[in-house]
Amino acid sequence: ALNRSERETVAMIGLVNDKRTTKNGNILITLEDPTGLINVVINKNNRELFEMANDIVLDEVIGVTGYNGDRIIFVNGIFIPDVPISNEFKKSPNEEYVVFTSDLQIGNRVFFEKNFLKFIEWINGNYGNKEQRELAKKVKYLFIPGDLVEGVGVYPGQEEDLDIIDIYKQYAKLAEYLSKIRKDIKIILTAGNHDAVRLAEPQPFPDKKLAGHLYELQNTIMTTNPSLVNIASTKNFPGFNVLIYHGASFFYIVENVESIRRAGR
């Protein structure tokens with residue numbers, strides 16, 4: 001593209017290396033690929049393209065079309081890769097249910113212990129109306145992806161918010177709750193930013209020295225963050241792949257994608 005003549009039509013795919021607003025109010029994006037870097041500009045007067053460009057974040061892969069200037073591309077089209085609809089539609093031969101929850105943050109003063117114990121009673125088939133209890137009996141998987149405990153020293157002054165101030169006791173208490181869940185349910189656990197692991201992703205699961213009681217539970221599976229977990233597979237059925245993730249990338253997206261920030265989500 002750098003060697004094309006001026007005003008010649010070009011198309012390219014690249015990784016967003018940088019993004020900024022020019023003094024004229026246009027958006028300037030630096031695209032990168034294995035051959036080098038090039039700047040592309042999106043004019044503020046093209047409202048549709050400008051709004052698309054507002055939502056582009058660093059390290060995103062995009063495609064653009066436009067025409068050459070002096071070592072710059074003037075954009076007239078932006079293409080955002082879609083999620084391919086290539087996964088085979090599958091239906092399990094068995095009627096089974098999966099429950100997702102997260103951010104238990106055991107050890108926090110405002111942890112809803114009564115509610116969680118009521119939840120355990122339901123998942124064990126002992127709470128709710130007849131229909132709810134029958135559904136609970138078909139639950140075979142429980143995912144808890146991240147912030148299993150409140151943690152210690154996660155933010156300044158956190159000790160004021162803690163009911164359990166010892167990280168070892170927080171994990172022991174979590175294991176105590178999970179041990180009450182019936183044993184035919186597989187419990188899949190993932191660490192989060194409040195757990196006693198590094199913040200850098202991918203995150204390992206807390207060490208046995210910290211969370212040893214969890215490792216003693218026969219129906220728990222400890223995974224890294226993120227993880228791809230296969231469930232419900234049998235000899236004749238491949239099962240379903242579940243992508244689980246807990247992390248700070250969500251905050252980055254919320255803060256940097258203009259349409260999300262404007263919507264106040």
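1. Setting aside neighbours within four places in sequence, Thr-190 is in contact with eleven residues listed here in full: Ile-144, Pro-145, Gly-146, Asp-147, Leu-148, Asp-195, Phe-205, Thr-223, Thr-224, Asn-225 and Ile-244. Thr-190 belongs to strand β8, and its relative accessibility of 0% places it among the buried residues. One of its contacts, Thr-223, is also a polar partner: the two side chains make a polar contact at 2.9 Å. The model under discussion is a predicted one.

2. Strand β8 (186–190) also helps to cover helix α4, together with elements that include α2 (113–123), β7 (139–145) and α5 (208–215). The residues of α4 that are buried are Ile-167, Gln-170, Tyr-171, Leu-174, Ala-175, Tyr-177 and Leu-178. Viewed down the axis of α4, these buried residues fall within an arc of 160°, so they line one face of the helix.

3. The geometry of α4 was compared with expectation. This helix comprises 12 residues (167–178), which at 1.5 Å a residue should span 16 Å; the C-alpha atoms at its ends are 17 Å apart, in agreement with that value. At the start of α4, a side-chain oxygen of Asp-166 comes within 2.7 Å of the backbone nitrogen of Tyr-168.

4. The aromatic residues deserve a separate comment. There are 10 aromatic pairs in the structure. In one of them, Phe-119 and Trp-122 have ring centres 6.1 Å apart and planes at 35°, so the pair is classed as tilted. Both residues lie in helix α2, three residues apart, or about one turn of the helix. Trp-122 has a relative accessible area of 18% and is therefore buried, the limit being under 20%. A single aromatic cluster is formed by Phe-111, Phe-116, Phe-119, Trp-122 and Tyr-177; Tyr-177 is also one of the buried residues of α4.

5. Two cis peptide bonds may be noted for inspection of the backbone. Glu-201 and Pro-202 are joined by a cis bond with omega of about 5°, and Pro-202 is located in the loop between β8 and α5. The bond from Asn-225 to Pro-226 is likewise cis, with omega near 5°; Pro-226 lies in the loop between β9 (220–223) and β10 (227–231). Asn-225 appears among the contacts of Thr-190.

6. Positive phi values occur in the loop between β6 (97–100) and α2, where Asp-103 is found. Phi of Asp-103 is near 55°, although this residue is not a glycine. Asp-103 is partly exposed, with a relative accessible area of 33%. Gln-105, in the loop between β6 and α2, is another non-glycine residue with positive phi, at about 50°.

Notes:
Residues are numbered from 1 along each chain as its sequence is written. This is a predicted model: local features need pLDDT of at least 70, side-chain atom pairs count only at pLDDT 80 or more; totals for chains, interfaces and linings use all residues. Side-chain values use heavy atoms; hydrogens and water are left out. Helices (H or I, at least four residues) and strands (E, at least two) are DSSP runs, numbered from the N terminus. The expected span of a helix is 1.5 Å times one less than its number of residues. Buried means under 20% relative accessible area, exposed over 50%, partly exposed in between (1.4 Å probe, protein chains only). The arc is that of the directions from the helix axis to the C-beta atoms. Contact means heavy atoms within 4.5 Å. A polar contact is a pair of N or O atoms within 3.5 Å; within protein, one must be able to donate a hydrogen and the other to accept it, and residues adjacent in sequence count only if both atoms are side-chain atoms. Rings of Phe, Tyr and Trp (its six-membered ring) pair if their centres lie within 6.5 Å; planes under 30 degrees apart count as stacked, over 60 as edge-to-face and the rest as tilted.
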